[in-house]
Amino acid sequence: MSMRELVVLGTASQTPTRTRNHNGYVLRWDDEVILFDPGEGSQRQLLYSTVTATDLTRICVTHFHGDHCLGLPGTIQRLSLDRVPHPVAVHFPAGGTDYFNRLRHASSFHETAELDVAPIDADGQQVAIRGGTLEARRLRHPVETYGYRLIEPDGHRMLPERLSAHGIAGPAIGELLRVGHLDVAGHRVTREQVSAPRPGQRFAFVMDTGLCDAVYALADNADLLVIEATFLASESALAAEVGHLTAGQAAQVATECGVRRLVLTHFSQRYPDLSRFVAEAREHFAGDLVVAEDLTTVQVPPRRVLSAR
């Protein structure tokens, strides 16, 4: 049975607090289990979650500021310690390759894990993965930074009553899906006649950035958007200076882009009370809102259902 959910390992920016670990997010997307931005302590946070290092199939790093990458050494070494039997792809900004290599070999260990190292070196670069396409877009931050989105292709939802009316059942349904048409009792039945459109799902991950076109491109029609909200509007000038978003800006992006479920995270240590983020976001976004907490799980919303033609 497929599972699509976000497991939050940590929600702090720059400095962890007593209640918030450094960044870390795991996306379960059917057979893909993707670890985004493993900050310091991510390996330990996995122990408190429903995810193990052996589950991981891919690691994506947005940039090489410490709160987004200092968990890499422990995570990579754990892959070897646990003798993970499958390759694990690793994506990160190509300009940070030296940082990655230093983190990968930060201490002495016996490396047995198979890492498929595939840096991102172009805005809009796409990687084919199980269940869709992973796309990277260049964000606006003082160091080279990419956001990611996962796009599932559009498909079809077969309609049992129409299939039955045309006498189509069993393996013939699969053939109809693959080929697009089927000849039944002397007449041709097309896929469109017995199905409804099934929009592919979209997940977006937007970390350290000021507002830019790439933020909107990543968030466009996302079913689940995970986005930094480091500051509140009272610190908007500081946010712009250091390349970050406020809760209000993140919420406005979600509204303008038609996001279904919005997850705010990456909170500055100056804010012990996250209820203020809820209040500010609600001024701009009326949809499904989650202000992330460590070790919570957020479901990808159920598929959009379009009516049959």
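User: Before we look around, what counts as a disulfide here, and how many does the whole structure have?
Analyst: A disulfide is a pair of cysteine sulfur atoms within 2.5 Å. This is a predicted model, and the whole of it was searched for such pairs. The number of disulfides found is zero.

User: Which cysteine sulfur is closest to that of Cys257, and why is there no bond?
Analyst: A bond would need the two sulfur atoms within 2.5 Å. The closest cysteine sulfur to that of Cys257 is 11 Å away, which is too far for a bond. That sulfur belongs to Cys212.

User: Is Cys257 buried or exposed?
Analyst: Buried means under 20% relative accessible area. Cys257 has 8% relative accessibility, so Cys257 counts as buried.

User: And Cys69, which cysteine has the sulfur nearest to it?
Analyst: Cys69 is in no disulfide either. At 4% relative accessibility, Cys69 counts as buried. Its nearest cysteine sulfur is 14 Å away, in Cys60.

User: Let's turn to the rings. Are Phe92 and Phe100 stacked or edge-to-face?
Analyst: A pair of aromatic rings is described by the distance of the centres and the angle of the planes. Nine aromatic pairs are counted in this model. For Phe92 and Phe100, the centres are 4.5 Å apart and the planes meet at 20 degrees; planes under 30 degrees apart count as stacked. The pair is therefore stacked.

User: Are Phe92 and Phe100 buried or exposed?
Analyst: The cut-off for buried is under 20% relative accessible area. Phe92 is at 0%, and Phe100 is at 1%. Phe92 counts as buried, and Phe100 also counts as buried.

User: Which ring has Arg4 over its face?
Analyst: A charge sits over a ring only if, among other conditions, CZ of Arg is within 6 Å of the ring centre. Arg4 lies 4.1 Å from the ring centre in question. The ring belongs to Trp29.

User: Now for the nonpolar core. Which element gives the largest share of the largest one?
Analyst: The largest nonpolar core has 33 residues, and Leu225 is one of those that touch the most other members. Elements giving two or more residues to this core include β15 (224–228), α8 (247–257) and β16 (261–265). The largest share, six residues, comes from α8.

User: How many residues are in the other core that lies apart from it?
Analyst: Cys60, Ala136, Met207 and Leu224 are among the members of this other core. In soluble globular proteins, nonpolar side chains tend to be buried together. The size of this other core is 25 residues.

Conventions. Residues are numbered from 1 along each chain as its sequence is written. This is a predicted model: local features need pLDDT of at least 70, side-chain atom pairs count only at pLDDT 80 or more; totals for chains, interfaces and linings use all residues. Side-chain values use heavy atoms; hydrogens and water are left out. Rings of Phe, Tyr and Trp (its six-membered ring) pair if their centres lie within 6.5 Å; planes under 30 degrees apart count as stacked, over 60 as edge-to-face and the rest as tilted. Buried means under 20% relative accessible area, exposed over 50%, partly exposed in between (1.4 Å probe, protein chains only). A charge sits over a ring if NZ of Lys or CZ of Arg is within 6 Å of the ring centre and within 35 degrees of the ring normal. A nonpolar core is a set of buried Ala, Val, Leu, Ile, Met, Phe, Trp, Tyr and Cys residues joined through side-chain atoms within 4.5 Å. Helices (H or I, at least four residues) and strands (E, at least two) are DSSP runs, numbered from the N terminus.
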